[in-house]
Amino acid sequence: MRRLLVVALVAALVVPAGIGLGTSSAPKPSVVSVEVSPEPAVVGETVTVAPTIRNDATASEDFNVSYVSLRTTEGDQLRRYTNITDLGTLSPGTSVRVPFDVTFDAAGQKRLRVVVVGQNATGNETRVEYPVSFSVRSDHPAVRLDVEETLTAGVAEPVNVTVSNGFERELRSVSVEVTGDGVRTDPATVGAARLGAGEERAFGLDLRAASPGSVPVEVTVEYRTTTGLERETTVTRTLDFETLSEDVTVNAGSPERGNTTVPVTVGNFGNAPLENVVVRATASNGSVAPVAVGSLDAGTTRTVALDVTDVESRADVDVTVSYRLAGETRSVSDSTRVVADRDVPGDVELTGLDTEREGDRVHVLGSAANVGLRGVDSVIVRVLPADGVEPAAPNREYFVGTVPASDFVSFDVYATVEGNVSEIPLEVSYLADGERRTYTTSVPYEAPAEPSGNTNDGGGNGLLVVGAGVVLALLVVGLLVVGWRSRGE
């Protein structure tokens, strides 16, 4: 900014040294204005003080400028601050701008005087003085560090550094840095190319403390003024970090029958936010697409929906929630089950199969079970001819009819079996959703054991019986003989 100081009492400040004020032939020099730039200036910055000196058009003589000086006021004495000589001659109606570059080591209101000394053609000296006043500042833009009430060690905590430019001109190459023992920031520095006059801007960064406790941190803001002066300011603040507490839960809900969308609720009951939260799942009989949750603040929950597709009947679903915390990837899991309804057609399976021999036939018994979720019609079970196997009356085939969903109907069929047969083939046919389905299966068959014939064991036993009878007869005869002899004696 430039400030234009217009001469108000030029005539009063002109002090002719050799010619009276009323002399019409004297030159008429004056300081018509003084530019100060920048204003306000800051300590250490180059300030340009530029007075414009003019010889009035009504003057009848040239004004030979001996020197122009910028002087400070100390009491009643003017001390030369800087001086410029050999500026040449000002003809009536002409002017010259004389810039002075000065710097100040201390802030405050600066009061200077411009002193112009020159002569006319005959050597009579004329002196002109002009006051100039401007301020020099030593302050910096205001800096404020904004943080959450609770900070947690070991995790990235977002903070904001707000810079307020209270100057009347822009700041350039603004750079913000936060430092402290055991503290890392991401990014290391933030900033802006320009910060306009009166503008306030917040710069965000993540701050991570290695351990809990009170940590002093310094916020340093570096910038350049419009004149290229590099400056910096630092504010200090102590931040308190708590110990990391992790408490993450996941709840996979159980949808109603026929609904294959699983509600999954993720809860963060710790004291640190979770990053990169993703819900994934695997299904034993189906497909599941992952769902990205993003970040989850401490003390909050989020519910997402997992769509389990391609489920024919039911599927066990294992849900895993992964997240980033304290620089590590962690996870929690839960499981649930979905049951499809309308999309599961009827399906017949033979259960409880058994065989029994009835004369020269084999009686096959069992049940036609519908393991689907819709009914089936026109169910027929029949015996298929094969090597050693032929369907037999009275039931070569059996019309089961309709079997409701998740129900069964018993049946029985007959077959004749010859030779070495280990199974009896069966055919199952039924209508499911109006479509005829047929498949073959079999029931295990084991031939009964052959009846036992004449064996060595049986013959042996007969001989033993005969032998025992002979022995017994001989023993009786022997006793009779002994008894008879004893009576005769």
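## Serine 322 and its surroundings

A polar contact is a pair of N or O atoms within 3.5 Å. In this predicted model, one such contact, of 3.2 Å, links the side chains of serine 322 and arginine 280. Serine 322 sits in strand β27, which spans residues 314–325.

Is serine 322 buried or exposed? Its relative accessible area is 15%. The cut-off for buried is under 20%, so serine 322 counts as buried. Leaving aside residues up to four places away in sequence, serine 322 touches Asn276, Val277, Val278, Arg280, Arg330 and Ser331. Arg280 is thus both a contact and the polar partner.

## Two nonpolar cores

Strand β27 also contributes to the largest nonpolar core. That core has 29 residues. Val264, Val279, Leu306, Val308 and Val319 have the most contacts inside it. Seven strands' names recur here: β21 (248–252), β22 (261–268), β23 (274–283), β25 (291–296), β26 (300–309), β27 and β28 (328–339) each supply at least two residues of this core. Which strand gives the largest share? It is β27, with six residues. Another core, of 28 residues, lies apart from this one. Leu171, Val178, Leu207 and Ala209 are among its members.

In soluble globular proteins, nonpolar side chains tend to be buried together. Valine 308 shows the contacts of one core residue. Not counting residues up to four places away in sequence, valine 308 touches Thr260, Val262, Ala283, Ser287, Val288, Val317 and Val338.

## Strand β3 and its partner

Strand β3 covers residues 29–37. Seven of its nine residues are buried, so β3 is largely enclosed by the rest of the structure. Its pairing with strand β5 (residues 47–55) is antiparallel and runs over eight bridges. Within that pairing, serine 30 has arginine 54 of β5 as its bridge partner.

The loop between β3 and β4 (41–42) holds proline 40. The peptide bond joining glutamate 39 to proline 40 is cis, with omega about 0°.

## An open four-stranded sheet

Four strands make an open sheet in the order β12-β14-β18-β16, with antiparallel pairing. What are the edge strands? They are β12 (142–146) and β16, each pairing on one side only. Neighbouring strands of this sheet are turned by 30° against each other on average, direction ignored.

At the β16 edge, the partner is strand β18 (residues 200–209). The two strands pair in the antiparallel sense over four bridges. Aspartate 186 has aspartate 206 of β18 as its bridge partner. Aspartate 186 is also joined to proline 187 by a cis peptide bond, with omega about -5°. Proline 187 itself lies in the loop between β16 (183–186) and β17 (189–195).

## Backbone outliers to inspect

Two residues other than glycine have a positive phi: aspartate 86 and serine 378. Phi of aspartate 86 is near 55°. This residue belongs to strand β7, residues 77–90. Aspartate 86 counts as exposed because its relative accessibility is 70%, and the exposed class starts over 50%.

For serine 378, phi is near 50°. Serine 378 lies in strand β31, residues 376–383. How accessible is serine 378, and what is its relative accessible area? The value is 23%, so serine 378 is partly exposed.

Terms used:
Residues numbered from 1 in each chain as written. Predicted model: local features only at pLDDT ≥ 70, side-chain atom pairs only at ≥ 80, totals over all residues. Heavy atoms only, no water. Buried < 20%, exposed > 50% of the residue type's maximum accessible area, 1.4 Å probe, protein only. Polar contact = N/O pair within 3.5 Å; in protein donor to acceptor, adjacent residues only side chain to side chain. Contact = heavy atoms within 4.5 Å. Pairing = 2+ DSSP bridges. Axes fitted to C-alpha atoms, helices over the stretch in contact; angles between N-to-C directions. Core = buried A, V, L, I, M, F, W, Y, C linked by side-chain atoms within 4.5 Å.
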